[in-house]
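Subject: Structure handover

Hi,

Here is the structure I promised to pass on to you. Have a look at it first, and then read on for what turned up.

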Amino acid sequence: SNKNIHELKCDDYNIIKISKNFFYNYPNLQLISLKNNKLKKISKHFLYFANLTQMFFDNNEITYIPTWIHNFKHLNTLSLSFNYIEYFPLNLTKLNSLQTLNIAYNKIKAIPFEIMNLNKLKTLFFNSNYFEELPTSLGIMNSLNKITLGWFEFVDLNEIIKPKQSIIANVNGVLFGNNDLQKMNNNNNSSGNCDNTINTNPNRN
């Protein structure tokens, strides 16, 4: 029975669209992985998976994070690396259960100060984006213990890294590279397989 399936991994299928019927087939899904496909957006039908705790959409063609993302109350892992996302929606900072966020290798230009509201966030990957500034609130996120900042160039780290109030106090490693950043701104193991309800690219290799 599909009701007993808690994990579904559909990586590397060249999926371009997911039919509505797919979402009704797995009412108790907790983990879904759709890495390395051709998806252009996160369908609102994903909200049918009320118990999702982990979502992986790495290496697709997604251009935005939907504003209704905050409805995933149990989500602890969200991975969206290697897409074409340009905007970090404020509602993303309302995911109170989120522990791991991967938005590396996108086109995001700014992160809101309210990211500090993710008070359970332990791991943050946001290297290789188009940031020109970062919020100083990153410096008081005591839950963080792993962060990647590769491909950035900081002019003044003192604005975010301060004694007794520093991400460095808890973080195991911080990576720096070079980019356009000029300043800091204040402002059950059951699993399932893909089925025919998923529309794949007919030119799949």
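Let me begin with a serine: Ser 79 has a relative accessible area of 7%, so it counts as buried, the cut-off being under 20%. Please keep in mind that this is a predicted model. Ser 79 sits in strand E5. Setting aside residues within four places in sequence, Ser 79 is in contact with Met 55, Phe 56, Phe 57, Asp 58 and Asn 102.

Moving a little further along the chain, Ser 81 is found in the loop between strand E5 (77-79) and strand E6 (100-102). Ser 81 is buried too, at a relative accessible area of 6%. Its contacts, again without neighbours up to four places away, are Phe 57, Asp 58, Asn 59, Asn 102, Ala 104, Tyr 105 and Asn 106.

Phe 82 also belongs to the loop between E5 and E6. Is Phe 82 buried or partly exposed? With 44% relative accessibility, Phe 82 is partly exposed. Beyond its sequence neighbours within four places, Phe 82 touches Asn 59, Asn 60, Ala 104, Tyr 105 and Asn 106. You may also like to look at Phe 82 together with Lys 35: these two are 47 residues apart along the chain, and their C-alpha atoms are separated by 9.7 Å.

Another serine to click on is Ser 137, in the loop between strand E8 (133-135) and strand E9 (146-149). Ser 137 has 1% relative accessibility and therefore counts as buried. Its contacts, not counting residues up to four places away in sequence, are Pro 112, Phe 113, Ile 115 and Met 116. What lies 2.7 Å from a polar atom of the Ser 137 side chain? That is the backbone oxygen of Phe 113. As for Pro 112, its C-alpha atom and that of Ser 137 are separated by 8.9 Å, with the two positions 25 residues apart along the chain.

Now for the charged side chains. Side chains of opposite charge can pair when their charged atoms come close. The count of salt bridges here comes to one. Which residues form the salt bridge? The partners are Lys 40 and Glu 61, with an N to O distance of 2.6 Å. This pair links distant parts of the chain, 21 residues apart: Lys 40 is in the loop between strand E3 (31-33) and strand E4 (54-56), and Glu 61 is in the loop between E4 and E5. Lys 40 is exposed, at a relative accessible area of 54%, whereas Glu 61 is partly exposed, at 24%.

There is a pocket to look at as well. The largest pocket holds about 270 Å³ of space. Its lining has 17 residues, and those nearest the centre are Lys 17, Ile 18, Lys 41, Ile 42 and Ser 43. Strand E2 (residues 15-18) gives the most to this lining, with three residues. Sorted by class, the lining has eight nonpolar, five charged and four polar residues.

Finally, the overall picture. The protein chain has one helix and 13 strands, and along the sequence they follow the pattern β-β-α-β-β-β-β-β-β-β-β-β-β-β. The chain has 205 residues, of which 46% count as buried.

Happy browsing, and do write back with any questions.

Best wishes

Notes. Residues are numbered from 1 along each chain as its sequence is written. This is a predicted model: local features need pLDDT of at least 70, side-chain atom pairs count only at pLDDT 80 or more; totals for chains, interfaces and linings use all residues. Side-chain values use heavy atoms; hydrogens and water are left out. Helices (H or I, at least four residues) and strands (E, at least two) are DSSP runs, numbered from the N terminus. Buried means under 20% relative accessible area, exposed over 50%, partly exposed in between (1.4 Å probe, protein chains only). Contact means heavy atoms within 4.5 Å. A polar contact is a pair of N or O atoms within 3.5 Å; within protein, one must be able to donate a hydrogen and the other to accept it, and residues adjacent in sequence count only if both atoms are side-chain atoms. A salt bridge is a side-chain nitrogen of Lys or Arg within 4 Å of a carboxyl oxygen of Asp or Glu. On a 1 Å grid over the protein atoms alone, a cavity is a set of points where a 1.4 Å probe fits but cannot get out, and a pocket is an open set with protein on both sides within 12 Å along at least five of seven lines; lining residues have an atom within 4 Å of a point. Grid points are joined across faces, edges and corners, and a volume is the space filled by probe spheres set on the points. Ala, Val, Leu, Ile, Met, Phe, Trp, Tyr, Cys and Pro count as nonpolar, Asp, Glu, Lys and Arg as charged, and the others, Gly among them, as polar.
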